[in-house]
Amino acid sequence: MTQHLITSVRHLLHHALSAYRTNPRATAALGHQLHRLDEPLRVAIAGKVKAGKSTLLNALVGEAIAATDAGECTRVVTWYRAGATPRVVLQPLDGPPVPLPVVRTGGVLEIDMGGVPAERVDRLVVDWPAQSLREMTLIDTPGVASIDAANSARTTRFLEPDDETPTEADAVVYLMRHLHVADAQFLESFRDQGVARATAVNTVAAISRADEIAGGRVDAMFSARAIATRYRSEPALRGLCQNVVAVAGLLAFTGRTLRQDEFAAVKALAELPRPELEAALLSADRFQRTSDPALVGRFGLFGIRLATSLIRQGAASPSALAGELVARSGLHELQRVLRVQFAERRDLLKARSAVLALDRMVRADGDPYRLAPELERILTATHEFAELRLLAALRSGAVTLPKPMAVDAQRLLGDEGGAPAVRLGLEPHADRADLRRAASIALRRWQGNAENPVLGRRAADACRVLVRTCEGILAGT
Amino acid sequence: MSPVAANERLVRAVELARTAIEGLSRPDLDARLARTRDRLADERVRVLVVGEFKQGKSMLVNGLVGAPVCPVLDDLSTAVPTHVAHAATPSVAIVRETERIPVPLDQLARYACESPNRDEHRQRISRVEVNIPRSILEGGLVLVDTPGVGGLGSVQGAATMAALTSADAVLLVSDASQEYTAPELDFLRTAMAACPNVACVLTKADLYPHWRQILDLDRGHLARAGIEADVFPVSASMRWHALTTGDAELSAESGFPELVRYLREKVLARAGELACRSTVHDVLAVLEQVVSTLDAEAVAQRDPERVQEVIRELTAAEARATALKERSARWQQTLNDGVADLNADIDYDLRDRLREITREAEQALQDNGDPSKTWDQFTTWVQQATAAAASANFVWATQRARWLAGRVAEHFDAEGTHLLPSLRIERPGPSQALGSIRAMTVKDGEPFGFGRQLLTGVRGGYMGMLMFGMFGTLVGFSLLNPITVGAGLLMGRKTLGDERRRIVQKRQADAKVVLRRYIDDVTFHVGKDSRDMLRGVQRVLRDHFTAQADQLKLSLQDSLQAAKNSVKATQAERDARLAEIKLALDRLEAVRKHASALLPGAAT
């Protein structure tokens, strides 16, 4: 279905390109959009200062390619794309791109902007040979609510551009430590920014630095997950993002890049008598006095507590420990959410970005070539867009259905995953006959609901969208 | 010297002075000393613990007093201010507007923390009071654990801001995970303006290996922003551990001893010094008046020939006292004019701020179509904006009032002995006033459901059909033909559209009325609070200075009377009186010496 959508969007873009050929600015923008259709999905990582954006990016990639520091670190928007060879290019606000040297010190990529001040830089683009970047291009942004207003402004400009340039990211992972007024405002403005009509569908919130909740106690991750669950049902947040997960970026990154010598060091710690270790772990300062100071930087106090207890429980090899650390960090859950909510809907989200960009152009430059009707046709007639819109409306409360129906509806619309079996709430390996049976039951149920006079008009409209969804699943199986 | 001992010594000095002037028939001076003593007993030093939420404010307070007085949870935050003060027996009470309700100790968390399902009755609690026997609190220290700020625009932030004006010191709490953010620095800047005694605390230093780097960064930010404040890195969990194990080394490492020292030496001692100065000043002023009366009498008794001279001198002195009263007329004028000006200015400022909000809100209502859809967001915004405006107004009013007090005191500066009375604003600030205002609710108005829509549509359609049908019948068509049906449908749709527009307009108008009523309420309540505050300030200043002028005059009159009486007395009577006076003077001199020894700087 989505293949068809991409084709028709591409067709429309080509059409627009020939129509606007006398307008160089429009041609450039359209060419950019066409090019973008073939690229991986762009996911921006945003959040307040020191929310752990760069650390999480490193964890997702599995390599230290984004610089991290105790102080505020990321100052320019940086793109990380898949590439055959490592390459760093600086794109100034005006002028041609400048290639920068690729320097790795101790496994960490160091970018020296060659004395170009941050305010003159539009973006840095890093090409890196990494498997995880093939699926999605990751974009690191400076923190919101930074002490340096210019840094915040760069992020805001990037994610909420003016009318001239459409938004660059297809989806956003928003990191926060606790839900703060600034977070809510940011998410809200991101939604307002007409990332039009569909709202929370392309935002996922993550409680980052989850290992630091509860003062780094061993049960910190449980607390963090409980908080994430509470936020998930928080009305203020429901309309703003699609899901909330808890993740400990540092733990995940360390797990993915655990070295033999580090394993040996942690193993030695685990063999210490318990009271002695606990006394050393009272504070980071104390720990650094007795052990390797680099260790606490890599694991954090929580990480060391967790790793030593994992080894005592039987994690005997570096790979076993690394696997456990990553599993406990919540990275898998985040990756799953990214896969289900972004990657599976990749074409749809990309098509949406392109259509919205074109829509904006038509509105701004006038429409001498009658593109608007075709655009309108794609926006309204494409069922996937209708699904996205309904999903967003359900989440934000603009359309209300009775509780059990709403849960069913959201799953059917692909809230938990786009595969037919997931949508119908079946086992992933359900066979065709089961699928067909479940789909026709769902179809009849929603047909019934659509005729139900007790529901309001908007709810009935919603039911009709769901009927079409069921029909689509039936036709596809 | 501990603050408690210092306080006790001051009380003893006052009591000594009271016994010394006993029998001199000066009840006015005795009353003045009694007031001084009461003030000493009631001396409280309020330290506000503020910061963004989830930074470890409650943990800090717990660590300072060494008891779990403020609930600490991973997820939920403190929701109402908790005042922790000294008392011989532990007790907990919640304060709801004016009533004070004692609650069992284990119920504390239920009242102090936010709960996911907000219940109405908790919302109106204005604060929780915890009293426990702890040596750190003995000097009258009150630690106030506040709800997290969460940005200055929030209602919570506005309430904290307003509380700043009544605080003696402020501790800004920020954890060591990151350097200061822009909102935190903004908050600090405002806090500095409202309360000069500000210190920063860097919490959770145990958890972050890079806390030293963060400390340097923070100091840099403070220096760049021109804020002079100490930064204390602390670790509450280490302190807690040290308290349970009694490990002195660990306790030193936690950074708490330095913070406690700061509170004792910079905050308590400074407040104590102020209290000491004003108390000793009161005692000395009273003694001086009594002594001057007795001195004059002694001269007259000893040397009857000089009586006339003494009387002349005293008359001149009385003239001076009258001049002071006259001057008092001048300062009273300054005070009255100042308060009147201030009243006008503050009222104007409040109205101006609120008018701006009204304008913006009305614009938003006008632009956004049907207000019933965005009503919740809209009311939240209005409430936040008004709370922020009211607290800004309140802080400004307090600053202006202090400035006015300084200007009035300038009139007395020639005397050099008049201290400013302590101007503690005990009013709760605008948050209380805002809490008592009814919430913004709009009547659901006319529901425009399907039935009504149908009826409206049919009515319009019927009218249209009839209108065109009547024309049709004139030229021989039937009443019901395709043209009239079409016209009916068109008219029906138009009527429906008109009706819908009318309802939206009506809702907009209703919303505007509600908005205006709310703003009016806010203006009324907050305006009254500001005026009350100013009136309080005016009364305190007037009473203070008037009482001093009156006492001076009374003393002079007493002396004059005594001198005149001495002319008629016999030699024997004179000698007896002289001996009495000498005895009294000696006693007073001893008390005076004792009191002046208490002054800071003299006590070495």
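Begin with chain B of this predicted model, and colour it by its domain assignment, which gives domain 1 (1–38 + 281–302 + 571–604), domain 2 (43–254), domain 3 (303–445 + 512–568) and domain 4 (450–511). If you place a marker at the C-alpha centre of domain 1 of chain B and another at that of domain 4 of chain B, the two markers lie 96 Å apart.

**The sheet of chain B**

Next, show chain B as a cartoon and look for the open sheet, in which nine strands follow the order 4-3-5-2-6-1-7-8-9 with mixed pairing. At its edges you will find strand 4 (99–103) and strand 9 (231–233) of chain B, each of which pairs on one side only. Stepping from one strand to the next, the twist averages 25 degrees.

Now select helix 11 (residues 256–302) of chain B, which packs on this sheet and touches strand 1 (45–51), strand 6 (141–145), strand 7 (169–175), strand 8 and strand 9 of chain B. The direction of helix 11 makes about 135 degrees with that of strand 1 of chain B.

Stay with the sheet and select strand 8 (residues 198–203) of chain B together with strand 9 of chain B; the two run parallel and are joined by three bridges. Which residue of strand 9 stands opposite Cys200(B)? It is Val231(B).

**Helix 15 and what follows**

Move on to helix 15 (residues 450–474) of chain B, whose 25 residues reach 36 Å from the first C-alpha to the last, close to the 36 Å expected at 1.5 Å a residue. Show the side chains here and pick out the buried positions of helix 15 of chain B, which are Gly457(B), Gly460(B), Gly461(B), Gly464(B), Met465(B), Phe468(B) and Gly469(B). In reading such a list, bear in mind that an α-helix has 3.6 residues a turn, so residues three or four places apart point the same way. After helix 15 of chain B comes Gly476(B), with a positive phi near 100 degrees.

Then select residues 462–492 of chain B, which an unreviewed UniProt entry lists as "transmembrane region". How far apart are the end C-alpha atoms of residues 462–492 of chain B? They lie 7 Å apart, and the span is 77% helix and 0% strand.

**Leu541(B) in helix 16**

The next stop is helix 16 (residues 482–568) of chain B, in which you should centre the view on Leu541(B). Why does Leu541(B) count as buried? It does so because 24 other C-beta atoms lie within 10 Å, where 20 or more are enough for a residue to be called buried. Add Leu335(B) to the selection: although 206 residues separate it from Leu541(B) in sequence, the C-alpha atoms of the two are 8.3 Å apart in space.

**Chain A**

Finally, turn to chain A, which is divided into domain 1 (2–248 + 332–343), domain 2 (252–329) and domain 3 (399–476). The centres of domain 2 and domain 3 of chain A, taken over C-alpha atoms, are separated by 47 Å. The secondary structure of chain A comprises 22 helices and 11 strands, and buried residues make up 45% of its 477 residues. Of the contacts in chain A with a separation of 6 or more, 71% are between residues 24 or more positions apart.

End on strand 11 (residues 243–246) of chain A, where Asn243(A) and Val245(A) on one side and Val244(A) and Ala246(A) on the other are all buried, leaving both faces covered. Four bridges join strand 11 of chain A to strand 10 (residues 203–207) of chain A, and these strands run parallel; within this pairing, Ile207(A) has Ala246(A) as its bridge partner.

Technical notes: Residues numbered from 1 in each chain as written. Chains lettered and ligands numbered in written order. Predicted model: local features only at pLDDT ≥ 70, side-chain atom pairs only at ≥ 80, totals over all residues. Pairing = 2+ DSSP bridges. Axes fitted to C-alpha atoms, helices over the stretch in contact; angles between N-to-C directions. Contact = placed C-beta atoms within 7 Å. UniProt positions renumbered as here; feature names shortened; annotations may be inferred. Domains from an automatic or database assignment. Buried ≥ 20, exposed ≤ 12 C-beta atoms within 10 Å, placed from the backbone. Expected span 1.5 Å × (residues − 1).
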